[in-house]
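This report describes selected features of one protein model. It takes up helix packing, enclosed space and backbone geometry in turn.

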Amino acid sequence: MSRDDIGRKVRRPRTLERPKVGVGPLGELKDLLYHLYMGAGAPTLDDMALHIEQLADELDWNAVPARDTIRRCIASPDLPPGQHDVVAIARSLARKACWDEGDAATRARDLWVKAHMHRPPGRPISQLSDPFELEVHRAIAPLAGGEDLPTLPVYVEREHDVELAEVASRAASGISGLAVLVGDSSTGKTRACWEVINKLPQGWRLWHPIFPGHAEALLDGVDRVAPHTVIWLNDIQHYLLTPPGDLGPQVAAALRDLLREGKVGPVLVLGTIWRHEWSQLTSSPVQAGMDPHAQARSLLRGSDIEIPESFSAADMVQLRAKAGDDSRLRQALQRAECGMIAQYLAGAPVILERYRHALPGAKALMEAAMDARRLGLGKAIPEELLEAAAPGYLGDPQWDALSEDWLDEALAYATAPCLGAPGPLTRIRPRPDAVAPQRPHYRLADYLEQLGREKRVTASGPKCLWDALVLYAPHSDRQALADEAAERFFYEPALKLYADAVDSGNAAITRRVADLLKEVGLREAAIEHYVVAAHQGDLQSIQNVADWLRQAGAEDMSAHFLEIGVELGDEISQWVRAEELLAKDETEAAIPYLTMAMTGEYTPAFRKLADIMAEQEGIPNAADWVKRQAREGGVSFFREAGEWLRENGLPDDARVFYREAIRAQSEVKISWLIHFLSESDEESRIDDLIHHIVTSDSDEKHPETEWLVRQGLVERALEWLRKWADSGAAEAAKTLSHTLRRLGRHEEGFAYYRHLLDGDDTNMLRHAAQWLKEMGRVDEAYELDRRAAEGGHPDAMSGVAHWLEMQGRYPEALMEYQRAVHAIGRAKGSRHLSLWAISAILERGVGMKGTVKSDVPDPLEKAVELLTRDQGVPTAAEWLLERAEAGNPVALKRAIELFMSQGMEERAQRLRRYGIEPGGRIASAWEPPSHGSEAVE
């Protein structure tokens with residue numbers, strides 16, 4: 001070694017990174033090559049090239065791969081172009097790794113052929129030339145005509161394009177990403193996506209899953225997605241916002257899995273969505289335990305890019321500079337109102353004008369389409385449905401005045417282009433490979449659809465529409481429509497729309513029908529459907545039928561249905577079956593059922609088995625079994641083991657499992673922790689408890705605080721929280737403020753909470769406003785409510801309205817109440833019914849001053865009282881039925897009570913039995929559906 005080499009750092013060859021490739025033959029090929037490479041000791045590229053040359057001489061190969069080719073074959077996610085290169089590398093590495101080189105070569109050869117023939121979903125972006133195929137809006141035609149203009153107007157980049165470009169740039173550099181453009185109709189969301197994909201490097205693909213259904217297509221192909229793929233999810237709500245129990249959560253989970261680091265990459269998921277649907281998918285659930293969009297919320301968190309409704313002043317400067325090259329832009333500059341350039345270019349104002357000035361027949365078609373889409377019909381609207389529904393939107397004079405060719409005339413008007421852009425309705429041309437329907441289907445313009453969702457938000461549509469939906473809605477849309485009908489208490493159309501799902505064996509829908517029949521008092525029909533659902537495998541229906549049979553004294557039949565649940569692995573059925581046997585003192589027969597339920601992590605079965613063992617073999621043996629099973633069973637058994645051990649006189653063993661539950665962040669009742677951990681003077685155990693209390697998500701707030709007070713540990717806990725909050729933990733600051741509030745230290749607590757209000761979290765603003773009201777700082781509360789209301793929070797709008805009303809500013813209050821009603825969409829339960837009640841009181845002018853005070857406990861009751869007193873029972877009942885028709889169960893119940901209190905029992909019974917029909921009337925008599933099923937005698 002020379003003197004110059006002394007002390008020189010020797011560079012260690014870098015190991016090749018494993019490529020990120022999806023499921024499929026290419027992924028298997030890359031896995032094989034990488035396993036061979038690592039098995040051979042991760043040789044350098046030079047070593048591999050030299051060894052392959054030596055093999056070439058030995059095996060008389062004509063050509064060998066160079067260093068770069070070897071690197072790409074092993075470390076690149078792309079398919080190697082030459083099969084012979086792959087085979088040579090596999091054989092060489094197998095020899096180095098002492099593997100069967102003949103087997104390795106054969107597998108590599110076969111996988112290369114499969115990968116070469118395999119085509120991942122989508123196609124190269126370089127082959128995409130038609131933006132309209134990806135649902136970019138067509139632009140208006142120039143007024144003058146005759147110009148040779150590009151397909152799309154010259155693009156003006158705006159602030160959201162910069163955000164989107166950053167996500168795309170990260171994807172191009174190898175980091176997968178999701179961007180969802182959120183904005184109103186025709187604001188440029190899809191166009192922005194089109195522009196950004198055309199800036200991606202060569203080799204990227206685009207996949208737009210739509211057939212046979214949006215969610216179905218994505219789930220069918222997501223496992224075959226290749227690296228460097230854009231997944232195009234225009235109107236992402238069609239993939240995620242599916243009917244309850246449907247595919248939306250699966251789609252969200254699949255996309256989350258795809259985007260995980262190390263899964264497949266890079267991929268870029270692009271989505272667009274309207275604000276209303278974004279709010280539905282990302283808002284926290286109101287009802288505890290009901291969270292159908294948890295997966296979607298996790299997927300979408302932090303992915304939104306806001307698309308403004310109008311061009312900013314800076315955008316308009318750019319637009320003027322580029323307008324000289326495109327007369328459509330000049331036209332938009334001259335005619336678009338309030339900077340709404342994108343909407344004008346998409347023809348939105350012309351579409352709106354066409355709708356507003358339509359003759360009755362054409363307007364009826366448009367409004368039928370608007371209502372049908374809003375209520376759950378898919379994008380393809382059958383012509384026969386429009387024809388059947390339209391009469392319901394016309395009065396008798398209008399209907400009588402129509403010509404014999406009214407439908408053709410109305411369709412011609414509604415489908416005529418608007419300055420070159422599609423009209424209010426667009427006829428859908430069937431694809432060559434699709435089965436053409438007997439009559440045409442139409443697509444409603446996005447702008448009109450959004451208008452319908454905003455302006456007709458509480459309208460249920462006329463009876464003709466629901467009759468048409470029952471007759472002509474496609475199978476894929478009937479469940480969503482049925483859910484909507486059921487929420488509005490349109491029982492008869494709901495049951496008819498559910499019928500397809502019941503007949504096709506959808507157990508969840510069959511149970512839903514049974515629940516509905518039970519609700520209206522049709523016990524025998526409900527039981528019939530529960531039996532059908534039970535045989536279809538619905539676990540809840542199995543339990544419902546078994547309970548009914550047990551109550552009827554048919555214990556053998558009850559056991560029969562429970563055995564169905566047992567076979568399906570339902571731990572509740574196993575538990576109930578065990579309880580039945582234990583009630584007969586058949587302990588040995590019950591033990592296998594308890595064991596099965598415990599295997600399914602049903603903890604009461606674990607406790608029951610422990611009790612049986614203690615009775616049979618003594619507490620020491622049972623305790624050993626409990627501890628062993630808890631360790632093997634995992635977190636869910638820790639707290640149960642602790643409780644059982646405590647109850648059986650083993651507190652020291654119990655503490656061990658409580659501590660394990662705390663460390664695992666298992667849900668442990670605060671009362672249990674207080675009882676056990678506070679018995680010890682060990683500092684670590686007290687700290688364990690304090691840590692659990694201040695970080696717990698439990699709603700058991702008061703026992704925590706009271707215990708801290710009793711133990712004199714309040715300041716210690718607060719000191720711990722202050723340190724945590726000072727480190728920048730927002731959750732700690734929030735918990736600290738809530739703890740101080742529970743202790744009555746409002747000013748100190750609110751001072752911490754105020755620091756969290758810098759952002760636009762409307763829920764926190766609303767919470768702070770309520771807190772200020774408790775402190776008597778009403779005017780400050782109004783300011784926070786106003787900020788939250790500007791962000792779209794309906795309860796904050798109500799708070800602003802109430803403040804305005806207390807100031808005597810009634811017209812402004814009315815407007816704010818109406819905004820709140822609009823923001824809610826449709827009343828859901830008593831929490832929101834107050835908004836309907838207040839708004840209706842003000843609208844009707846009943847008791848304008850002083851009708852709603854902060855000390856009125858139930859605004860609904862006040863509304864009914866005032867309406868009954870001033871306008872009579874029929875008016876109050878009519879108002880309640882209108883609210884029920886909008887989907888409010890409290891209003892329906894109150895209407896029934898009102899009829900009963902006024903001696904109108906027959907009307908009350910009819911309302912309870914038949915529900916209502918569009919127009920807010922008690923529905924006509926109907927008979928329950930029957931289903932061919934095994935009778936329960």
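## Packing of α26 and α27

Helix α26 passes α27 in a left-handed crossing. The model in which this crossing appears is a predicted one. Helix α26 covers residues 523-535, and its axis comes within 8 Å of the axis of α27, the two crossing at roughly 130°. An angle over 145° would count as roughly antiparallel, and one of 65 to 115° as roughly perpendicular; α26 and α27 are therefore oblique to each other.

On the α26 side, the contact is made by Arg523, Ile527, Tyr530, Val531, Ala533 and Ala534, which meet Ser541, Ile542, Asn544, Val545 and Trp548 of α27. By residue class, this contact divides into 8 nonpolar, 2 polar and 1 charged. The charged residue is Arg523, while Ser541 and Asn544 of α27 are the polar ones.

## Packing of α27 and α29

Helix α27 (residues 539-551) also packs with helix α29 (residues 571-583), at an angle of about 20° and with the axes 10 Å apart. Because angles under 35° count as roughly parallel, α27 is described as roughly parallel to α29. The crossing of these two helices is left-handed.

From α27, the residues Ile542, Gln543 and Arg550 take part, and they meet Ile572, Ser573, Val576 and Glu580 of α29. The residues of this contact comprise 3 nonpolar, 2 polar and 2 charged. The charged residues are Arg550 in α27 and Glu580 in α29. Ile542 is listed in the contact of α27 with α29, and Ile542 is also listed in the contact of α27 with α26.

## Enclosed cavities

How many cavities of 30 Å³ or more does the model hold? The count comes to 2, and the largest cavity contains about 50 Å³ of space.

The lining of the largest cavity consists of Asp235, Gln237, His238, Trp274, Glu277, Arg373, Lys379, Asp446 and Glu449. Two helices, α9 (237-240) and α21 (446-455), each supply at least two residues of this lining. In composition, the lining divides into 1 nonpolar, 2 polar and 6 charged residues. Trp274 is the nonpolar member, and Gln237 and His238 are the polar ones.

## Backbone features in loops

Two loop residues carry backbone features to be noted. The peptide bond from Phe211 to Pro212 is cis, with omega near 10°. Pro212 is located in the loop between β3 (205-207) and α8 (214-221).

Glu135, a residue other than glycine, has a positive phi, near 75°. This residue is found in the loop between β1 (123-124) and α6 (159-172).

Note on methods:
Residues are numbered from 1 along each chain as its sequence is written. This is a predicted model: local features need pLDDT of at least 70, side-chain atom pairs count only at pLDDT 80 or more; totals for chains, interfaces and linings use all residues. Side-chain values use heavy atoms; hydrogens and water are left out. On a 1 Å grid over the protein atoms alone, a cavity is a set of points where a 1.4 Å probe fits but cannot get out, and a pocket is an open set with protein on both sides within 12 Å along at least five of seven lines; lining residues have an atom within 4 Å of a point. Grid points are joined across faces, edges and corners, and a volume is the space filled by probe spheres set on the points. Helices (H or I, at least four residues) and strands (E, at least two) are DSSP runs, numbered from the N terminus. Axes are lines fitted to C-alpha atoms, for helices over the stretch in contact, and angles run from 0 to 180 degrees between N-to-C directions. A crossing is left-handed if the near helix is turned anticlockwise from the far one by less than a right angle, and right-handed if clockwise. Contact means heavy atoms within 4.5 Å.
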